[in-house]
Amino acid sequence: MQEEKNQEDSISESNEQNEETKSKGVWICNIFCIPIHWFKMLSREMHWSFVFGVVVVYGISQGVGGALAGVGTKYYMKDVQKVQPSEAQVYAGITSIPWIVKPLWGLLTDVLPIFGYRRRPYFIFAGLLGAIAMLLLSFHENLHLVLALLALTAGSAGVAIADVTIDACVAQNSISHPSLAADMQSLCAFSSSVGALLGFSVSGIFVHLIGPMGVFRLLTIPAGLVILVGFLLDEPRMENFSYRQVNRNFVDAGKAMWTTLKSEDVWRPCLYMYLSLALSLNILEGMFYWYTDSKEGPSFSQESVGFIFSISSVGSLLGAILYQYALKDYAFRDVLFWTQLLYGLSGMFDLILVLRLNLKFGIPDYVFVVIVESIAQMTNRLKWMPMLVLSSKLCPSGIEGTFFALLMSIDNVGLLSSSWGGGLVLHVLKITRTKFDNIWLAILIRNILRLTPLCMLFLVPRVDPNSFILLPKENVDPKVDAIDTSETKDVELMSLVHSVDGKI
């Protein structure tokens, strides 16, 4: 009897182990199979060329390419052009100017078709512009600084134009396939996040192996893929388009946006968003020089810098997830108060680092910097997410996409002001390539200014984020209704939630 009982127990245990093994196998299979089926479904519903375009623009061009360009440009300015940190900070702002005029690129793709196509020629132009700019940088070692800046700005313009054009494709498909709108945004977010993580992970290694100019040569690959998107994209050709209406559409869109901006319900939150960004001084170039050059600092290698940036991108993703699942239902003013306060206080970790207090607590520089950068990116994302949602609520009916693009441009001007303001602080405090005595003071000034937007929160409406903040119908220019909306003539920039290197 005892032997039979033991046999039954062993059989039952064996069955349980088999079931557990099967369940693990099913779980592992689902991890790989579900995304594949999801990609197949999107390709079937909206044509594979659209999915390919999203992956190329968000994942490869902005994700991998943006990460490689960010780290490569830092070392190019430092080691090849040999500029001071304050100058590098100002130049970084100059190269971001094409992102400020994104509404212009969007309006062009919407109202000015080329050879009967609204999207394909702009992808080809964006890719060619980026490829030529990167080749110019990579093959001329002694390139004059002005020409180098023009090439970097042209490369940035190529990425921005491709970004706006794929945004317009996403908007059109969101209208024709409303049930898949969330899936398209998830595809954008997934491509951007994975691309950035991968790009930052290998950026330092490539800079070490082939140098910044070699990295620029690699960046011709994403540009070439953008050109390929222009040839492969499935887009119907417009017949008998009248170019006479182009000017009228531009004028009507401009009047509608100006009418909306004059409303107090709109300009007050816009002013807060600009000031919140502009007062958060950007001194990243000074910190980068300190990370890599200072004898008193960590003196990180290229590989270490790339890995630090890759970890910080994970912090940004965690911030977005935290907002989505814990903070999105709170009033804008309440969320902005706590996130801005946390953002300002988190900057004090940089002060601990440059004063070398972390070593007194037995925390190695590398570990501490990884923690600091992750917290900084997470708090920055937490601060930024409610402003994105607020921006979407400020857009009036009829010109949602174009007006949202305008709001993002205002925010980009704030980022530009932050970059140039940080460069001015670095210059005034005489922080150079080899002198970092006052970098602690620059960090302290930056942290104090980060807290000043708390005094301006009265500009932000205390409303339910799930409600609409729309202008009355009579406040919107009636000419807006005359604009043909059968095609998506608004610039839809929904993917601006995903940012790389501070570009919105």
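**Entry 1: Leu107**

I began with Leu107, which lies in helix α5, residues 102-111. The model I am reading is a predicted one. Is Leu107 buried or exposed? Leu107 has a relative accessibility of 10%, so I put it down as buried, the cut-off being under 20%. I then looked up its distance to Ala253. The two residues are 146 residues apart along the chain, yet their C-alpha atoms are separated by 8.9 Å.

**Entry 2: the whole chain**

I stepped back to the chain as a whole. How many helices and strands does it have? I found 19 helices and zero strands. The chain has 504 residues, and 51% of them count as buried. I also checked how contacts are spread along the sequence. Taking contacts between residues at least 6 apart in sequence, 86% join residues at least 24 apart.

**Entry 3: helix α6**

Next I checked the length of helix α6, residues 120-139. Its 20 residues, at 1.5 Å each, should span 28 Å. The end C-alpha atoms are 29 Å apart, so the model agrees with the expectation. I listed buried residues of α6 too. Among them are Pro121, Tyr122 and Phe123 early in my list, then Gly127, Gly130, Met134 and Leu137. Ala126, Ala131, Ala133 and Ser138 are also buried.

**Entry 4: α2 against α9**

I turned to pairs of helices. Two packed helices are described by the angle between their axes and the distance between the axes. Helix α2 covers residues 48-80, and helix α9 covers residues 220-232. Their axes are 10 Å apart, at an angle of about 165°. Angles over 145 degrees count as roughly antiparallel, so α2 and α9 earn that description. The crossing is left-handed. Which residues make the contact? On the α2 side I noted Trp48, Ser49, Phe52, Gly53, Val56, Ile60, Ser61 and Gly65. On the α9 side I noted Pro222, Leu225, Val226, Leu228, Val229 and Leu232. By kind, the residues of this contact are 10 nonpolar, four polar and no charged.

**Entry 5: α2 against α12**

α2 also packs against α12. Here the axes come within 11 Å and cross at roughly 70°. That angle falls in the range from 65 to 115 degrees, so I call α2 and α12 roughly perpendicular. This crossing is right-handed. From α2, the residues Lys74, Tyr75, Met77 and Lys78 take part. They meet Glu285, Phe288, Tyr289, Thr292 and Asp293 in α12. The tally for this contact is four nonpolar, one polar and four charged.

**Entry 6: α3 against α12**

I then looked at helix α3, residues 85-95, against helix α12, residues 284-293. The axes are 8 Å apart and the angle is about 135°. That makes the pair oblique. α3 passes α12 in a right-handed crossing. Pro85, Ala88, Gln89 and Ala92 contribute from α3, and Leu284, Glu285, Gly286 and Tyr289 from α12. I sorted these residues as five nonpolar, two polar and one charged.

**Entry 7: Glu285**

Glu285 of α12 appeared in my notes on α2 and again in those on α3, and I looked it up separately. What does Glu285 touch, leaving out residues up to four places away in sequence? I found Lys74, Pro85, Ala88, Gln89 and Ala92. Glu285 is buried, with a relative accessible area of 8%.

**Entry 8: Ser374**

I moved on to Ser374 in helix α17, residues 365-393. It has a relative accessible area of 18%, so it counts as buried. Beyond residues up to four places away, Ser374 touches Ile311, Ser312 and Gly315.

**Entry 9: two positive phi values**

Last, I looked at backbone angles. Most residues other than glycine have a negative phi. I looked up two residues with positive values. Lys82 has a phi near 55°. It sits in the loop between α2 and α3. At 54% relative accessibility, Lys82 counts as exposed. Arg356 has a phi near 65°. Its place is the loop between α15, 348-354, and α16, 357-360. Is Arg356 buried or exposed? With a relative accessible area of 18%, Arg356 is buried.

Note on methods. Residues are numbered from 1 along each chain as its sequence is written. This is a predicted model: local features need pLDDT of at least 70, side-chain atom pairs count only at pLDDT 80 or more; totals for chains, interfaces and linings use all residues. Side-chain values use heavy atoms; hydrogens and water are left out. Axes are lines fitted to C-alpha atoms, for helices over the stretch in contact, and angles run from 0 to 180 degrees between N-to-C directions. Helices (H or I, at least four residues) and strands (E, at least two) are DSSP runs, numbered from the N terminus. Angles under 35 degrees count as roughly parallel, over 145 as roughly antiparallel, 65 to 115 as roughly perpendicular and the rest as oblique. A crossing is left-handed if the near helix is turned anticlockwise from the far one by less than a right angle, and right-handed if clockwise. Contact means heavy atoms within 4.5 Å. Ala, Val, Leu, Ile, Met, Phe, Trp, Tyr, Cys and Pro count as nonpolar, Asp, Glu, Lys and Arg as charged, and the others, Gly among them, as polar. The expected span of a helix is 1.5 Å times one less than its number of residues. Buried means under 20% relative accessible area, exposed over 50%, partly exposed in between (1.4 Å probe, protein chains only).
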